[in-house]
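Please open the model in your viewer and keep the sequence panel beside it, so that each selection can be followed in both places. The tour goes from one stop to the next, with a selection to make at each.

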Amino acid sequence: MSKKQFYSRRFFLKTSGALAALAAIPASVKSFYLDARKLLVARKQTVPLPVSINKKAYKLSVDTRTTLLDLLRENLQLTGTKKGCDHGQCGACTVHVDGQRVLSCLTLAATLPGKEVTTIEGLSDGDKLHPMQQAFIECDGFQCGYCTPGQIMSAVACVKEGHTHSVEEIKEFMSGNLCRCGAYNGIVESIQKVAK
Ligand code: FES
Ligand code: FES
């Protein structure tokens, strides 16, 4: 079989498979999703958002569907907050809202008027690192660093919440923050150091 034949045959199989799958979806379900999609596109709305981010006052106008994570990274270029899974599973996007840790990928920006948001960029005092940032450096709390901003924001909250009585407790209350490099021992050590 020639390469051309192979590709056209494969294309045919894939296309016919996709069409068969589409045909298997009941018409009512298809039309529901098409209507919902049309509504989403048609109902694009913006709302005013007066908000404080890292102690700086902003008067923004945001699409009601924008997440806090996208607002920070895409609109305000505060890229210290990382996008990992974008589904509330990894903790890379953790920031503080009014001092509480939240997953910014699951938080709609439009819900935050009048709130105080703190990101990793707002944690240090000018050039002076936050004690948790310093502890992560001293205790080898990171390797590639991708999860680190989220880990540090959660770690600061973990200490503030008082969940640092044992290694087990720290692990439990840091379990929403995943680290693919496996820097967990250094992270726990950093938290213990700051909690002392
Ligand atoms: S990016 Fe928000 S939890 Fe993973
Ligand atoms: S330091 Fe690499 S993912 Fe945590």
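Begin, before turning to the sheet, with helix H6, residues 167–173, and pick out Glu168, which lies in that helix. Bear in mind throughout that this is a predicted model. Is Glu168 buried or exposed? Glu168 is exposed, because 9 other C-beta atoms lie within 10 Å, and a residue counts as exposed if there are 12 or fewer. If you now add Val188 to the selection, you will find that its C-alpha atom and that of Glu168 are separated by 9.5 Å, although the two residues are 20 apart along the chain.

Next, display the strands, five of which form an open sheet with mixed pairing, in the order S2-S1-S5-S3-S4. Which strands stand at the edges? They are S2 and strand S4 (100–103), each of which has a single partner strand, so that one side of each is left without a neighbour in the sheet. Looking over the sheet, you can also follow how its neighbouring strands are turned by 40° against each other on average, direction ignored.

Now walk through the pairings, starting with strand S1 (residues 46–53), which runs antiparallel to S2 and is joined to it by eight bridges. Select Val51 and then Tyr58, its bridge partner in S2. The hairpin of S1 and S2 has two residues between the strands, and in it Asn54 takes a positive phi near 50°.

S1 is also joined to S5, here by two bridges, and these two strands run parallel; to see one such place, select Ser52 together with Glu116, its bridge partner in S5. Strand S5 (residues 116–118) is in turn joined to S3 by two bridges, but this pair runs antiparallel, and His96 has Thr118 in S5 as its bridge partner.

From the strands, move on to the helices that go with them. Helix H5 (residues 148–161) lies across S3 and S4, and its direction makes an angle of about 40° with S3.

Finally, select helix H3, residues 68–75, in which Leu68, Leu69, Leu71 and Leu72 are buried. What covers the buried residues of H3? The covering includes strand S2 (56–63) and strand S3 (94–97), so both may be shown again at this point. The last selection is Gln77, which follows H3 and has a positive phi, near 55°.

Terms used
Residues are numbered from 1 along each chain as its sequence is written. Chains are lettered from A and ligands numbered from 1 in the order in which they are written. This is a predicted model: local features need pLDDT of at least 70, side-chain atom pairs count only at pLDDT 80 or more; totals for chains, interfaces and linings use all residues. A residue is buried if 20 or more other C-beta atoms lie within 10 Å of its own, exposed if 12 or fewer, and partly exposed in between; C-beta atoms are placed from the backbone. Helices (H or I, at least four residues) and strands (E, at least two) are DSSP runs, numbered from the N terminus. Two residues are in contact if their C-beta atoms, placed from the backbone, lie within 7 Å. Two strands pair if DSSP finds at least two bridges between them. Axes are lines fitted to C-alpha atoms, for helices over the stretch in contact, and angles run from 0 to 180 degrees between N-to-C directions.
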